[in-house]
Amino acid sequence: MRHAASAHRERETTDRGPLLAVLGVSLDPGLLELALTHRSYAYEHGGRPHNERLEFLGDSVLGLAITTALYRDNPGLPEGELAKMRAAVVSTVALAEVATSIGLGQYILLGNGEERTGGREKSSILADTMEALFGAVYLDKGQDAATDTVMRLVGPLLQDTARFGAAMDPKTHLQEAANRIGAPAPEYAIESTGPDHDRRFTATVTVGDIVSATGTGTSKKQAEMAAALTAWTELNARAS
């Protein structure tokens, strides 16, 4: 227990200057701490406040900034296409990629259980904390600063919406890509290794003799999705 308590204290005192530099703003220390506090940590520390309310706010801040940019920069696109692009860029996959690129995981305050199960690398936790930070910037610095932060970090992903859209539902996107070029439907094969409590799955997907790709995960679904995303990427590269 002393080791766990020591680890928690180290996380609380970690220099957050590099994170603030990436965000491009100075934030109230208490508000920043709140944005970085996962509910698992709050539960283990007497029910202190956690970041879910800030996440709720940040989701709207993010959505408005991205929606405005898409509307402004794509005057010829219909609402349906704009909605697909927005969904891709504000998705868990996209936000987790941004969070990973700025090293956000090392700053998050997590409970022991999440620490043991790799919470610092979980897409859902990374994405939620990213939104909480956007909410914190909005509360402390206002709408303009929050929009600037969103566009600096998430805005570049607008150039690659197809990839993030595919990452949300790679099996469907792979099927559609195969249909477009008249290729056979994707076929999946699964293998597993390891004991029941730590099973690892490897999926192989083939699209005729055009492309073959593999993916791994802790479930069949996860492995198939990873394989499908790789295959979709390769199929798109060949088509272009």
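Which helices each supply at least two residues of the lining of the largest cavity? In this predicted model, the elements concerned are helix 5 (52-73) and helix 9 (123-141). The report below describes this cavity and then turns to two pockets.

## The enclosed cavity

A search of the whole structure finds 1 cavity of 30 Å³ or more. The space in the largest cavity amounts to about 50 Å³.

Its lining consists of His-38, Arg-39, Asn-51, Glu-52, Glu-55, Ile-125, Asp-128 and Thr-129. Helix 9 makes the greatest contribution to this lining, with 3 residues. In terms of residue class, the lining of the largest cavity comprises 4 charged, 3 polar and 1 nonpolar residues. The charged class is represented by Arg-39, Glu-52, Glu-55 and Asp-128, and the nonpolar class by Ile-125.

## The largest pocket

The largest pocket holds about 410 Å³ of space. Its lining is made up of 13 residues, and those nearest the centre of the pocket are Ser-123, Thr-216, Gln-222, Met-225 and Ala-226.

Three elements each provide at least two residues of the lining of the largest pocket: helix 7 (92-101), strand 3 (211-217) and helix 13 (220-239). Of the elements that contribute, helix 13 gives the most, with 4 residues. Nonpolar and polar residues number 6 each in the lining of the largest pocket, and 1 residue is charged.

## The second largest pocket

For the second largest pocket, the volume is about 280 Å³. The lining of this pocket also has a stated count of 13 residues, with Lys-84, Thr-161, Ala-162, Gly-165 and His-173 lying nearest its centre. Two or more lining residues come from each of helix 6 (79-89), helix 11 (161-168) and helix 12 (170-180).

Helix 6 gives the most to the lining of the second largest pocket, supplying 5 residues. The class division of this lining is 6 nonpolar, 3 polar and 4 charged residues.

## Summary of the linings

The largest cavity, with about 50 Å³ of space, has helix 9 as the leading contributor to its lining. For the largest pocket, with about 410 Å³, that role falls to helix 13. For the second largest pocket, with about 280 Å³, the leading contributor is helix 6.

The charged residues number 4 in the lining of the largest cavity, 1 in that of the largest pocket and 4 in that of the second largest pocket.

Methods:
Residues are numbered from 1 along each chain as its sequence is written. This is a predicted model: local features need pLDDT of at least 70, side-chain atom pairs count only at pLDDT 80 or more; totals for chains, interfaces and linings use all residues. Side-chain values use heavy atoms; hydrogens and water are left out. On a 1 Å grid over the protein atoms alone, a cavity is a set of points where a 1.4 Å probe fits but cannot get out, and a pocket is an open set with protein on both sides within 12 Å along at least five of seven lines; lining residues have an atom within 4 Å of a point. Grid points are joined across faces, edges and corners, and a volume is the space filled by probe spheres set on the points.
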